[in-house]
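Colleague: I am new to this structure and would be grateful for a close look at a single part of it. Please concentrate on the charged side chains and their partners, and place them in the chain as you go.

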Amino acid sequence: MRLPRLRSTTTPDGAPGSRFLASVRGLGPGSVSSVLKVALDVAYVLLALITGVLLMLLIAAVFIPLDNLNVTVSGDSGGRQLPLTRMLLLFGLGAVTAYFGGFMLILRSLRRIFRTLTIGDPFHPHNVRRLRQIGLTLAVVTGGVWVAQGFVAARLAPGVMEPQGIGELLTPVFSVLIVFVLAEVFREGARLRRESELTI
């Protein structure tokens, strides 16, 4: 009895499975970018809901009575109970609201970029501005977290939250620089596309 022979999907270039990879589209309707856009839409809605709830809590915190309430602040050196003052409550809720709000703005720009990828137009001129907005928002969020933890939180919770060092900023700063470099790549792509359209 002869066993059935399995046919390889190797293409002429010798890479097995490359025919399948070639059939996976990165741009256009039904592509990977359209699936990622759906995931970004869901994440954006969730972040918008969380940010809205935090914003309402921040407004309510102005009027909530805070008599005889304590909060446990945790850090690298352990935890410590502090009296819950209105300044501490507003700072905590404001920082978390700004953090989620910043990433909501980043997701909004990403959704618009992926919308152009879904229709097959990656070098849309507006994508350059959107990438710059993402880089600027990421820089503001990173700087805000560094300042909040380094100065404000250290004064509100002395001995518990230590200021961040410069070394902890290397990865976020590198990410911001990559986004701005990508914006320049997209700007050059949009320029070349515009020149080719004028040539035609």
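Modeller: A charge is said to sit over a ring if NZ of Lys or CZ of Arg is within 6 Å of the ring centre and within 35 degrees of the ring normal. In this predicted model, arginine 111 provides such a case: its charged end sits over the ring of tyrosine 44, 4.5 Å from the ring centre.

Arginine 111 also belongs to a network of salt bridges, in which it is linked with Lys37 and Asp41. Within that network, lysine 37 forms a salt bridge with aspartate 41, and their closest N and O atoms are 2.9 Å apart. Both of these residues lie in helix H2, four residues apart, or about one turn of the helix. Lysine 37 and aspartate 41 are both buried.

Helix H2 covers residues 32-61 and also holds valine 42. Valine 42 has a relative accessible area of 48%, so it is partly exposed, a class that runs between 20% and 50%. Together with Val38, Val45, Leu46 and Leu49, Val42 makes a nonpolar surface patch of about 460 Å².

To place these residues in the whole, the protein chain comprises five helices and two strands. From the N terminus on, the order of elements is α-α-β-β-α-α-α. Of its 200 residues, 30% count as buried.

The count of salt bridges comes to six. Another of them joins the side chains of arginine 132 and glutamate 184, at 3.0 Å from N to O. This pair links distant parts of the chain, since arginine 132 belongs to helix H4 (residues 125-156) and glutamate 184 to helix H5 (residues 170-199), 52 residues apart. Arginine 132 is partly exposed because its relative accessible area is 35%, and glutamate 184, at 34%, is likewise partly exposed.

Helix H5 also contains a salt bridge between arginine 191 and glutamate 195. Their side chains meet at 2.5 Å, N to O, and the two residues stand four apart, about one turn of the helix. With a relative accessible area of 27%, arginine 191 counts as partly exposed; glutamate 195, at 40%, does as well.

In summary, Lys37 and Asp41 are paired within helix H2, Arg111 shares their network, and the charged end of arginine 111 sits over the ring of tyrosine 44.

Methods:
Residues are numbered from 1 along each chain as its sequence is written. This is a predicted model: local features need pLDDT of at least 70, side-chain atom pairs count only at pLDDT 80 or more; totals for chains, interfaces and linings use all residues. Side-chain values use heavy atoms; hydrogens and water are left out. Patches are made of residues with over 30% relative accessible area and no salt bridge: like charges are joined within 9 Å, nonpolar side chains (Val, Leu, Ile, Met, Phe, Trp, Tyr) within 5 Å. Accessible areas come from the Shrake-Rupley method with a 1.4 Å probe; for residues, only the protein chains shown count as cover. A salt bridge is a side-chain nitrogen of Lys or Arg within 4 Å of a carboxyl oxygen of Asp or Glu. Buried means under 20% relative accessible area, exposed over 50%, partly exposed in between (1.4 Å probe, protein chains only).
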